[in-house]
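Biologist: Could you take me through one part of this model with care, and then show how that part sits within the rest of the chain? I would like the reasoning set out step by step, with cut-offs given where an argument depends on them.

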Amino acid sequence: MSNVKALPLLEPDAAAPCCPPLTERPLTADEAERTARMFKALGDPVRLRLFSSVAAHEGGEACVCDISDVGVSQPTVSHHLKKLKEAGLLTSERRGTWVYYRVEPSVLAAMGRMLRHYGS
């Protein structure tokens, strides 16, 4: 008998790490905390440039060696990438000596849903 359990597959829009659209209902305290963490991480110009560089990179994935030219030192780049990961905006994978970053697609989808109807 196996202890392996099959996990249900989620549709791309099913994983909503953020919140409902702002116009749908007021955010709960937990939703507001998660959302604030994401927007706070993106509120720094260097982090926003790094996030944009990863998102715009071919395949939506970038080696740290390809995105570190943002006008700050390498340790500062690493610090900002860590903050973006902690906010749930990026994932990373070490391949040999380099770390590759990818934008978390479910986060982008959730942020888009949240802001989609605002102001229309």
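Modeller: A helix here is a DSSP run of type H or I with at least four residues, and helices are numbered from the N terminus. By that rule Glu-31 belongs to helix H1, and I will take H1 as the part to examine, keeping in mind that this is a predicted model.

The setting comes before the detail. The chain has five helices and three strands, which follow one another along the sequence in the pattern α-α-β-α-α-β-β-α. Of its 120 residues, 31% are buried.

H1 comprises 14 residues, and the distance from its first C-alpha to its last is 20 Å, close to the 20 Å expected at 1.5 Å a residue. Its buried residues are Glu-31, Thr-35, Met-38, Ala-41 and Leu-42. Viewed down the axis of H1, these residues fall within an arc of 125°, so they line one face of the helix. Ala-29 and Lys-40, on the other side of H1, are exposed.

Glu-31 deserves a closer look within that buried set. Residues count as buried under 20% relative accessible area, and Glu-31 is placed in this class because its relative accessibility is 10%. Its side chain also has a partner, since a polar contact of 2.7 Å joins Glu-31 to the side chain of Arg-25.

In the segment before H1 lies Pro-21, which counts as buried because its relative accessibility is 18%. Pro-21 also links distant parts of the sequence: Arg-116 is 95 residues away along the chain, yet the two C-alpha atoms are 7.0 Å apart in space.

Arg-116 leads to helix H5, where Arg-116 and Pro-105 are exposed on the side away from the buried residues. Those buried residues of H5 are Ser-106, Val-107, Ala-110, Met-111, Arg-113 and Met-114. They fall within an arc of 160° when seen down the axis, so they line one face of H5. The length of H5 is also as expected, because twelve residues at 1.5 Å a residue should span 16 Å and the end C-alpha atoms are 16 Å apart.

Helix H2, residues 45–56, can be read in the same manner: its twelve residues reach 16 Å from the first C-alpha to the last, close to the 16 Å expected at 1.5 Å a residue. Val-46, Arg-47, Leu-50, Phe-51 and Val-54 are the buried residues of H2. Because they cover an arc of only 135° around the axis, they are on the same side of H2, while Pro-45 and Ala-56 are exposed on the other side. At the N-terminal end of H2, Asp-44 acts as a cap, with a side-chain oxygen 2.9 Å from the backbone nitrogen of Val-46.

What brings these helices into one picture is the largest nonpolar core, which has 22 residues and in which Leu-50, Leu-81, Leu-84, Leu-89 and Leu-90 have the most contacts. At least two residues of this core come from each of H1, H2, helix H3 (64–67), helix H4 (74–86), strand E3 (98–103) and H5. H2 gives the most, with four residues. In soluble globular proteins, nonpolar side chains tend to be buried together.

Aromatic rings complete the account: a search of the whole structure finds zero aromatic pairs, although Arg-95 lies over the face of Tyr-100, at 4.3 Å from the ring centre.

Notes. Residues are numbered from 1 along each chain as its sequence is written. This is a predicted model: local features need pLDDT of at least 70, side-chain atom pairs count only at pLDDT 80 or more; totals for chains, interfaces and linings use all residues. Side-chain values use heavy atoms; hydrogens and water are left out. Rings of Phe, Tyr and Trp (its six-membered ring) pair if their centres lie within 6.5 Å; planes under 30 degrees apart count as stacked, over 60 as edge-to-face and the rest as tilted. A charge sits over a ring if NZ of Lys or CZ of Arg is within 6 Å of the ring centre and within 35 degrees of the ring normal. The expected span of a helix is 1.5 Å times one less than its number of residues. Buried means under 20% relative accessible area, exposed over 50%, partly exposed in between (1.4 Å probe, protein chains only). The arc is that of the directions from the helix axis to the C-beta atoms. A polar contact is a pair of N or O atoms within 3.5 Å; within protein, one must be able to donate a hydrogen and the other to accept it, and residues adjacent in sequence count only if both atoms are side-chain atoms. A nonpolar core is a set of buried Ala, Val, Leu, Ile, Met, Phe, Trp, Tyr and Cys residues joined through side-chain atoms within 4.5 Å.
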